[in-house]
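Opening the notebook on a new model today. I want to go through the fold, the pocket, the surface and the charged pairs, one entry at a time.

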Amino acid sequence: MIPEDHFDFLHAVWIRRSSYTYVFFALNILVFLLMALAGGSTNEHTLMAFGVKSNAEIAKGQWWRFVTPIFIHIGLLHLFFNSYALWIVGPQVEKLYGSGRFVILYVLTGVAGVYGSYAYHPDTISAGASGAIFGLFGVLLAFGIRYRNSVPPFFKRAVGTGVLPVIVINLIIGFTIPAIDNSAHIGGLLAGAALAAVIPFQKPGNETDGGFRSIQIALLALIAVSFYEVGAHYDGPRLSVRNLTRGLIQIGTTSSTEDFIEAINAAQKTFDDSTREIETRRLTDLTSTRAEISKSIDRLRKVPSLAARSDELISDLLRIMQEQYDLIQDIQRSGVLTLAHAQRLKANIVKYEKMMDAFTQWVDSDGKKYGIQRYRRR
């Protein structure tokens, strides 16, 4: 039997809503979807544009990069594991502390995690909610110790030393895998424990104190302003529905920019090869060349959208490649190279060279922001 006072404690705490856990959960997913529209969250230039922690950019005055990384995830698996952890531990902390104090704990421990990465890994970019999640574990650890004599005994299993195995295991994993930024985890963990040592939990039946409510509103406004700054300074790939599927299922490290470059390079090679074969009258090689052009056309149709101008250039290149494909098909049907075929080839070459000149101009003017540059021979 559960004593009546213990039952009242559990009932009063557990009927509280955990609204902001799900708000932050949804914000993580929303940012991930927006990044998918920009080509995917493993693209470094997309990550930089959305506000990951970057010491160099922070040094230039982009202070919001201490806040926005809390809601940015690098790849689907990163999003899944952090969102799952938030879904499990978030409601526990929010029900204990109330929504106002939960927002304070989550945001400040998240910022502390970003600062840990800023201080100990200055040369790498980083992002993720794990600093805030470790912060929530730190809160539960400190809560269990601080209130060990005033909470129901069976409740202590989920807090205090009960969370130590989870913390230790995850820290060991962090030290084992080089890609994991354990400085952010430790920063969030220590901040969570420290905040829980000074911020009391919201006792059953109590309303959120006005001071905590004011801080909650200020921190929510800070998040909104930080993402406003991201939008105002955004210089990454354009958001396009065409990028969505690839961006969502992107698991590896291949970026949208790399796919874009590879598709352009493949189109250049197949066009040059087909032109050379027609000009040298190697008609027997045209069957394999036509197949390569067909593959290149399919690849160009799936190329990620980076900018309005690059989309126009890709559209022009697609038309030229299709005309080259049709020309080869006509030559194979006739079995000979006629004067009309030679004139069509010449027209295709003129269009192709004009398009490549325009593409080169775009790379020189805007390509750098997407990680595209032209290599010049010395």
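**Entry 1: the pocket.** Before looking anything up, I note what I mean by a pocket: on a 1 Å grid over the protein atoms alone, it is an open set of points with protein on both sides within 12 Å along at least five of seven lines. I also note that this is a predicted model. How big is the volume of the largest pocket? I get about 1,100 Å³. I count 40 residues in its lining, and H78, A127, S130, A179 and I180 are the ones that lie nearest its centre. Which helix supplies the largest share of that lining? It is α5, with eleven residues. Helices α5, α6 (130-146), α7 (164-176) and α8 (182-198) each put in at least two residues. I remind myself of the idea behind this: rolling a probe the size of a water molecule over the atoms shows where empty space is left.

**Entry 2: the overall fold.** I looked up the secondary structure and found 14 helices and zero strands in the protein chain. Reading from the N terminus, I therefore just write α over and over, since helices are what the DSSP runs give here. The chain has 378 residues, and 49% of them count as buried. I then checked contacts between residues at least 6 apart in sequence, and 79% of these join residues at least 24 apart. The exposed area of the chain comes to about 19,100 Å², with 60% of it supplied by carbon and sulfur atoms.

**Entry 3: a nonpolar patch.** Which residues make up the nonpolar patch on the surface? I list Y22, L77, F80, F81, Y84, W87 and I88, with about 770 Å² of accessible area together. Helix α5 (residues 76-120) gives the largest share of the patch, six residues. I picked I88 for a closer look; it lies in helix α5. Its relative accessible area is 42%, so I call I88 partly exposed.

**Entry 4: inside helix α13.** I went to S310, which lies in helix α13 (residues 308-334). Buried or exposed, I asked of S310? It is buried, because its relative accessible area is 1% and the cut-off for buried is under 20%. Leaving out residues up to four places away in sequence, S310 touches F260 and W362.

Further along I looked at I328, found in helix α13 as well. I328 has 0% relative accessibility and so counts as buried. What does I328 contact beyond its neighbours within four places in sequence? I noted S274, I278, L286, T289, R290 and I293. For one of these, R290, I also have a C-alpha separation from I328 of 6.7 Å, although the two are 38 residues apart along the chain.

**Entry 5: D311 and its arginines.** D311 is found in helix α13, and at 15% relative accessibility I file D311 as buried. Not counting residues up to four places away in sequence, D311 touches R238, R242, S305 and L306. Two of those names come back when I look at charges: R238, R242 and D311 are linked in a network of salt bridges.

**Entry 6: other salt bridges.** How many salt bridges does the structure hold? I have 13 written down. The general idea is that side chains of opposite charge can pair when their charged atoms come close.

- D273 and R276 meet in a salt bridge at 2.5 Å, N to O. Both lie in helix α11, three residues apart, about one turn of the helix. R276 is partly exposed at 42% relative accessibility.
- K295 and E292 pair at 3.7 Å, N to O. Both lie in helix α12, again three residues apart, about one turn. K295 counts as exposed at 54%, whereas E292 is partly exposed at 39%.
- E323 bridges to K351, with the closest N and O atoms 3.1 Å apart. This pair links distant parts of the chain, E323 in helix α13 and K351 in helix α14 (residues 339-366), 28 residues apart. E323 is partly exposed at 29%, and K351 is partly exposed at 38%.

**Entry 7: an odd backbone angle.** My last stop was R281, in the loop between α11 (256-279) and α12 (286-301). Phi of R281 is near 60°, a positive value in a residue other than glycine. R281 is exposed, with a relative accessible area of 56%.

Conventions. Residues are numbered from 1 along each chain as its sequence is written. This is a predicted model: local features need pLDDT of at least 70, side-chain atom pairs count only at pLDDT 80 or more; totals for chains, interfaces and linings use all residues. Side-chain values use heavy atoms; hydrogens and water are left out. Helices (H or I, at least four residues) and strands (E, at least two) are DSSP runs, numbered from the N terminus. Buried means under 20% relative accessible area, exposed over 50%, partly exposed in between (1.4 Å probe, protein chains only). Contact means heavy atoms within 4.5 Å. Accessible areas come from the Shrake-Rupley method with a 1.4 Å probe; for residues, only the protein chains shown count as cover. Patches are made of residues with over 30% relative accessible area and no salt bridge: like charges are joined within 9 Å, nonpolar side chains (Val, Leu, Ile, Met, Phe, Trp, Tyr) within 5 Å. A salt bridge is a side-chain nitrogen of Lys or Arg within 4 Å of a carboxyl oxygen of Asp or Glu. On a 1 Å grid over the protein atoms alone, a cavity is a set of points where a 1.4 Å probe fits but cannot get out, and a pocket is an open set with protein on both sides within 12 Å along at least five of seven lines; lining residues have an atom within 4 Å of a point. Grid points are joined across faces, edges and corners, and a volume is the space filled by probe spheres set on the points.
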